[in-house]
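Subject: Structure for your files

Hello,

Here is the structure I said I would pass on. Please look it over before reading my notes below.

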Amino acid sequence: MRTLSKFLKFLRLAAVLGAGVLSSGAGHAADKPIVIGFAIAESGWLHNYDAAPFRAAVMKIDEINKAGGLLGREVKYRVLDTKTERERSASAGAELVQSGVDMLVVSCDYDFGAPAALAAQKAKIISMSLCAADPKMGVQGVGNFAFTANSAAQSEGIAIAEYAQQKLGLKTTYVLEDVSIEYNKSGCAGFRAAWARVNGKESILGGDVFRNDDPSIAAQITRLQGLKNKPDSVFLCSYTPGGASAIRQLRAAGLDMPILGTTAMVDNYWLNAVPNLKDFYLPGFMSLYGDDPRPEMNQFVQAFKARWGEPPVSSYSVLGYSLIEQWAHAVTEAKSTDSDKTLAVMNGYKDQPFLVGPTSYTKDLHVQVNRPWLIMTVKDGSFRAVEMYRNQFTPDLKLLFRVGA
């Protein structure tokens, strides 16, 4: 009996010690920092688009940490430069995933961000693009764990087409498409669909293509000038620097009709390439110039300046801030960084109010299709806010993935 009594005491002591070990381990896990990986371009042309939203993402991470962290844990981040190279994107994504990040942020473009996002998808880790506008940065392209903070490029084209017809009174158009990346093709697809929906296909008087690195679009301009019926607008789906070059050449050739653009051409940094530009319109996220009709956006610009010592150079910056905002909200609601749990929360967003605007996701669509836009124009050498506009025509999956377009 004495031997049995000693044995039972030993078992109770072992149970207490074991519970202490388990409790210590759980406490250690709770104290472990949450890590966000950034596989983004810190060099190359894509750095022009990645830099500002990355800084804004860091600003939001700072705010979270100052408020006590996420789930009571500090949020840290690690950055690897993809150098605007697809191969580097894939290797950077794989390295960050292997290091154990809780979420992965990738570049602003599908073509260059998807290779990194695929590494996260394979590991069942949520990835979010800073500002990719191609819908394939999501369920149907990368996979169900991939998101983009941006709206679909199709909705950019739709919004500016509707605005031009309804508010500017434009009746005909000509489409000049930069075929360098998927973003441009998607923007043009949305524009054509929306324009034809109201004014008929015959009101699109023609179209031509070029590539962003083409030194000249003289041949395209000659064909446009040779049209029997001249369009009262040109839609340009492109990005800098090629888009700026195309606008300069159009104006130099005496083509002074309104030019409509996609969001990639927003902000002042390229305007010195086209002095005295006017009658240029596009849908933007926000204004950096103190005239945004939403006070919270002007406050964001001031907070960015206080954090970095200079204002943001790109209005894409707000997407980086809201990307972290969206994921952190899901983690808080799920009470976990587990990707399956946060995924379930994010897939339930319906006009969820974030700084960038109302945000919705479903299990089948991880990009915005009718978030409100701020229409911008160029006046006196600077972009200026015109008014908020929310597209009325919502693209379906066929248009979003350009099936038959």
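The notes cover the domains, their interface, one helix and one buried serine.

This is a predicted model, in which local features need pLDDT of at least 70 and side-chain atom pairs count only at pLDDT 80 or more, while totals for chains, interfaces and linings use all residues. Residues are numbered from 1 along each chain as its sequence is written, and side-chain values use heavy atoms, with hydrogens and water left out.

Domains. The assignment (bounds from an automatic or database domain assignment) gives domain 1 as 34–151 + 294–367 and domain 2 as 154–292 + 374–401. Their centres, taken over C-alpha atoms, are 27 Å apart. Domain 1 puts 27 residues into the contact and domain 2 puts in 27 residues; contact here means heavy atoms within 4.5 Å.

Interface. About 2,400 Å² is buried between domain 1 and domain 2, with 59% of that from carbon and sulfur atoms. Buried area is the accessible area (1.4 Å probe) that two parts lose on being put together, summed over both. On the domain 1 side, Tyr49, Arg294 and Ser315 lose the most area to domain 2, together 25% of what that side buries. The rule for salt bridges (a side-chain nitrogen of Lys or Arg within 4 Å of a carboxyl oxygen of Asp or Glu) finds three across this interface.

Helix H6. Helices are DSSP runs of H or I with at least four residues, and strands are runs of E with at least two, numbered from the N terminus. H6 covers residues 182–199, and its end C-alpha atoms are 26 Å apart, which agrees with the 26 Å expected for 18 residues at 1.5 Å a residue; the expected span is 1.5 Å times one less than the number of residues. Its buried residues include Glu182, Tyr183, Phe191 and Trp195, where buried means under 20% relative accessible area, exposed over 50% and partly exposed in between (1.4 Å probe, protein chains only). The side chain of Glu182 also forms a salt bridge with that of Lys136 (3.2 Å, N to O). Just after H6, Gly200 has a positive phi of about 85°.

Ser233. This residue sits in the loop between helix H7 (218–225) and strand S8 (234–237). Ser233 is buried, at a relative accessible area of 0%. Leaving out residues up to four places away in sequence, Ser233 touches several residues, among them Thr173, Trp195 and Met257.

Regards
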